[in-house]
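Reader: I would like a close look at one part of this model, and then an account of how its surroundings are built. Please take the surface first and work outwards from there.

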Amino acid sequence: MGKTRIDARDWAIAAGVLAVLVVTVLSRQHSGIALEPLGYAFFALGGVALVASRRAPVLVLAAAGLSALACQLVGFDVPAVAYLFAVYATMRAGHRVATLAGSVVMLLALPFAILASPRVFSVSEAFTHSREVLQLAWLIAAAAAGEALRQAERRADEAERTREEAALRRADEERLHIARELHDSLTHQISVIKVQAEVAVHLARKRGEEVPEALLAIREAGREAAGELRATLEALRDDAEHPPRGLDSVPELVRQARTTGLDAHLTVEGRRADLPAAVDRAAYRIVQESLTNITRHAAAASASIRIGYRPDALVIQVDDDGKAGPDSVPVPGVGLVGMRERVTALGGRLRASPRGEGGFTVEAELPVARPS
């Protein structure tokens, strides 16, 4: 509420309340009631303060209450209409305690302000007149209206949020269905290519012929693609039956990378803490994709993987000494795009760029929500 802008609606409400008060004052003036000039300033203050009722409702409640009391104190007899609007705005903003406390003070202070005014009232007349200035029924109605609208807005916001979550869930389910269908289709086609390549290599060697390099490349690519699709299928299955991999599996990735001839080293910094499942999975995938890119494209001899546990974030950095130079322009392939999407979805940041001393670096920072 404190950052709500004052707009035309606020000015319209303040002007409307002032108009009602002016009409009331003028009608009572024609009835022969003596009015103090100072009262005009007080009652105008209460009406003008309503302009900020959405921006600072509690302060407006206090200003409207003091304005009403000051009017009665100087003998300026005008109903506390501005205070009723302030009660409505404060309840709508959710300040129940402030509204209740301010209203109790108002109900108790009004009779004494009337008794202290230039007008002559007995104690019983002052209490009776205070009920005319600020009727309890109208006070309760204003508070109830503010609370009812606040609850309605809250339910509307909750319904909108529920609709958005349902839409996102349906979209995720549809993407999962498409991914599974695509996996089944690609698996079949790649399996056919792999089998045909295996048969061709076998027959060529059986006949004593030299196996073409292109055929060997097709066979290896088929094997690799089949393995990746198998891993993808496992990731698409129910996590309860096939738990997704996380940082606990990173040492296995490092060992696998070493079997390819890459001198890979893993360093863990900080104290290991429980991580959200999404962060744990994303961290594993980032390391996996980084090492895959290094072994495929970087022509690197060594790689270092650093995992840092911070109080508010998990930091992953993978460096290599490959062929990328300081002036190299990284090509945003599917792997980098996938990593960036994972990190962005978790509210983190990703940096993937050539290193000044040569090679490539991937650095991801994933925020970790901590209980307050």
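Which helices each supply at least two residues of the nonpolar patch on the surface?

Author: The helices are H5 (96–115) and H6 (123–133), each of which supplies at least two residues of the nonpolar patch; helices (H or I, at least four residues) and strands (E, at least two) are DSSP runs numbered from the N terminus. Before going further, please note that this is a predicted model, in which local features need pLDDT of at least 70 and side-chain atom pairs count only at pLDDT 80 or more, whereas totals for chains, interfaces and linings use all residues. Residues are numbered from 1 along each chain as its sequence is written, and side-chain values use heavy atoms, with hydrogens and water left out.

The patch consists of Phe 112, Leu 115, Val 123 and Phe 127, which together have about 370 Å² of accessible area (Shrake-Rupley method, 1.4 Å probe, only the protein chains shown counting as cover for residues). Patches are made of residues with over 30% relative accessible area and no salt bridge, nonpolar side chains (Val, Leu, Ile, Met, Phe, Trp, Tyr) being joined within 5 Å and like charges within 9 Å. Val 123 belongs to helix H6, and with a relative accessible area of 52% it is exposed (over 50%, as against buried at under 20% and partly exposed in between, with a 1.4 Å probe and protein chains only).

Helix H5 also has a residue in the opposite situation: Thr 99 is found there, and its relative accessible area of 3% makes it buried. A polar atom of the Thr 99 side chain lies 2.7 Å from the backbone oxygen of His 95. Not counting residues up to four places away in sequence, Thr 99 touches Leu 61, Tyr 83, Val 87, Thr 90 and Met 91, where contact means heavy atoms within 4.5 Å.

Arg 96, in helix H5, ties this helix to a distant part of the chain, for its side chain meets that of Glu 147 in a salt bridge of 2.6 Å, N to O (a side-chain nitrogen of Lys or Arg within 4 Å of a carboxyl oxygen of Asp or Glu). Glu 147 sits in helix H7 (residues 136–206), and the two partners are 51 residues apart. Their surroundings can be told apart by accessibility: Glu 147 is buried at 15%, while Arg 96 counts as partly exposed at 42%. The pairing extends to a network of salt bridges that links Arg 96, Glu 147 and Arg 150.

Further along helix H7, Glu 160 and Arg 163 meet in a salt bridge of 2.5 Å, N to O, and because they are three residues apart in this helix, about one helical turn separates them. Glu 160 is partly exposed, with a relative accessible area of 36%. Glu 209 forms a salt bridge with Arg 207, with the closest N and O atoms 3.1 Å apart; here Glu 209 is partly exposed at 41%, and Arg 207 is exposed at 55%. A search of the whole structure finds eleven salt bridges.

For the wider setting, the chain has eleven helices and five strands, and buried residues make up 35% of its 372 residues. The largest nonpolar core has 36 residues, with Leu 314 and Leu 366 having the most contacts inside it; such a core is a set of buried Ala, Val, Leu, Ile, Met, Phe, Trp, Tyr and Cys residues joined through side-chain atoms within 4.5 Å. Among the elements that give two or more residues to this core are helix H9 (250–259), helix H10 (277–298) and strand S3 (313–320), and H10 gives the most, with nine residues. Apart from this core lies another, of 26 residues, including Val 17, Ala 64, Leu 134 and Ala 143. Of the contacts in the chain with a separation of 6 or more, 70% are between residues 24 or more positions apart. The accessible surface of the chain, to which the patch belongs, comes to about 21,900 Å², and carbon and sulfur atoms account for 60% of that area.

Key: A polar contact is a pair of N or O atoms within 3.5 Å; within protein, one must be able to donate a hydrogen and the other to accept it, and residues adjacent in sequence count only if both atoms are side-chain atoms.
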